[in-house]
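Student: I've just opened this one and I'd like to go through it with you. Can I ask how the labels are earned?

Tutor: Sure, go ahead and show me.

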Amino acid sequence: MHKRIRSFVIFMAGVLLGAVIYSNAKRILPSPAAQTTTPRWEYRVVTAAKEVGVLGGTKGNVDSDLNRLGEQGFEICEMTQSGSGISYHLTIVLRRPRQ
């Protein structure tokens, strides 16, 4: 009988401790609804096309454009390439938090 009572007391102490911790956490931590804000983004699109020959591309221009936009705080959020082989069309979408 003592073991049952002792087990019950330990169980209730755990329940009470959990309730105290939960109520303190609700007061200290902000609610998740207050933490979620919809970010506003500013977007840029960089495109490049290479039609003829292996050396006829504009890789240097794309690199410099991406480096310049990276310095301005943009990050790549999507990239697509259409075509294959020696001709292609490349589209890169960049974003940064709206300032």
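Student: Which residues does Leu94 touch, not counting residues up to four places away in sequence?

Tutor: Keep in mind that this is a predicted model. Leu94 touches Glu42, Tyr43, Arg44, Val46, Leu66, Leu69, Phe74, Glu75, Ile76 and Cys77. Each counts as a contact because heavy atoms come within 4.5 Å.

Student: What is the overall pattern along the sequence?

Tutor: Reading along, you get α-α-β-α-β-β. That goes with 3 helices and 3 strands.

Student: What makes β1 and β3 a pair?

Tutor: Pairing takes at least two bridges, and β1 and β3 have 10, so they pair. They do so in the antiparallel sense. One place to look is Val46, which stands opposite Ile92 in β3.

Student: And how do you know that β2 pairs with β3?

Tutor: By the bridge count again: 7 bridges join strand β2 (residues 75–82) to β3, against a requirement of at least two, so this is a pair as well. These strands run antiparallel too. Here Ile76 has Leu94 in β3 as its bridge partner.

Student: Which residues make up the largest nonpolar core?

Tutor: There are 8 residues in all: Val46, Ala48, Val62, Leu69, Phe74, Leu90, Ile92 and Leu94. Two or more residues come from each of β1, α3 (59–71) and β3 (88–97). β3 gives the most, with 3 residues.

Student: Why is Glu42 called buried?

Tutor: Its relative accessible area is 19%, and buried means under 20%, so Glu42 gets that label. Glu42 sits in strand β1 (residues 41–50). Leaving aside neighbours within four places in sequence, Glu42 is in contact with Phe74, Leu94, Arg95, Arg96 and Arg98.

Student: What makes the link between Glu42 and Arg44 a polar contact?

Tutor: Their side chains are joined at 3.4 Å, and the cut-off is 3.5 Å, so the distance fits.

Student: What share of the protein is buried?

Tutor: Buried residues make up 12% of the 99 residues.

Student: Why is Ser82 called partly exposed?

Tutor: Ser82 has a relative accessible area of 40%, which is neither under 20% nor over 50%, so "partly exposed" is the right term. Ser82 lies in strand β2. Its contacts, leaving aside neighbours within four places in sequence, are Tyr88 and His89.

Student: Is Arg40 buried or exposed?

Tutor: Exposed: the relative accessible area of Arg40 is 61%, and the label needs over 50%, so Arg40 qualifies. You'll find Arg40 in the loop between α2 (32–35) and β1.

Student: How far apart are Arg40 and Pro97 in sequence and in space?

Tutor: They are 57 residues apart in sequence and 5.9 Å apart in space, C-alpha to C-alpha. Arg40 touches Arg96, Pro97 and Arg98, not counting residues up to four places away in sequence.

Student: How do you know that Arg95 lies over the face of Trp41?

Tutor: Arg95 is at 4.0 Å from the ring centre of Trp41. The distance limit is 6 Å, so that part of the test is met. There's an angle test as well, within 35 degrees of the ring normal.

Student: How many aromatic pairs does a search of the whole structure find?

Tutor: The search finds 0. A pair needs ring centres within 6.5 Å, so no two rings here meet that condition.

Conventions. Residues are numbered from 1 along each chain as its sequence is written. This is a predicted model: local features need pLDDT of at least 70, side-chain atom pairs count only at pLDDT 80 or more; totals for chains, interfaces and linings use all residues. Side-chain values use heavy atoms; hydrogens and water are left out. Rings of Phe, Tyr and Trp (its six-membered ring) pair if their centres lie within 6.5 Å; planes under 30 degrees apart count as stacked, over 60 as edge-to-face and the rest as tilted. Helices (H or I, at least four residues) and strands (E, at least two) are DSSP runs, numbered from the N terminus. Buried means under 20% relative accessible area, exposed over 50%, partly exposed in between (1.4 Å probe, protein chains only). A polar contact is a pair of N or O atoms within 3.5 Å; within protein, one must be able to donate a hydrogen and the other to accept it, and residues adjacent in sequence count only if both atoms are side-chain atoms. A nonpolar core is a set of buried Ala, Val, Leu, Ile, Met, Phe, Trp, Tyr and Cys residues joined through side-chain atoms within 4.5 Å.
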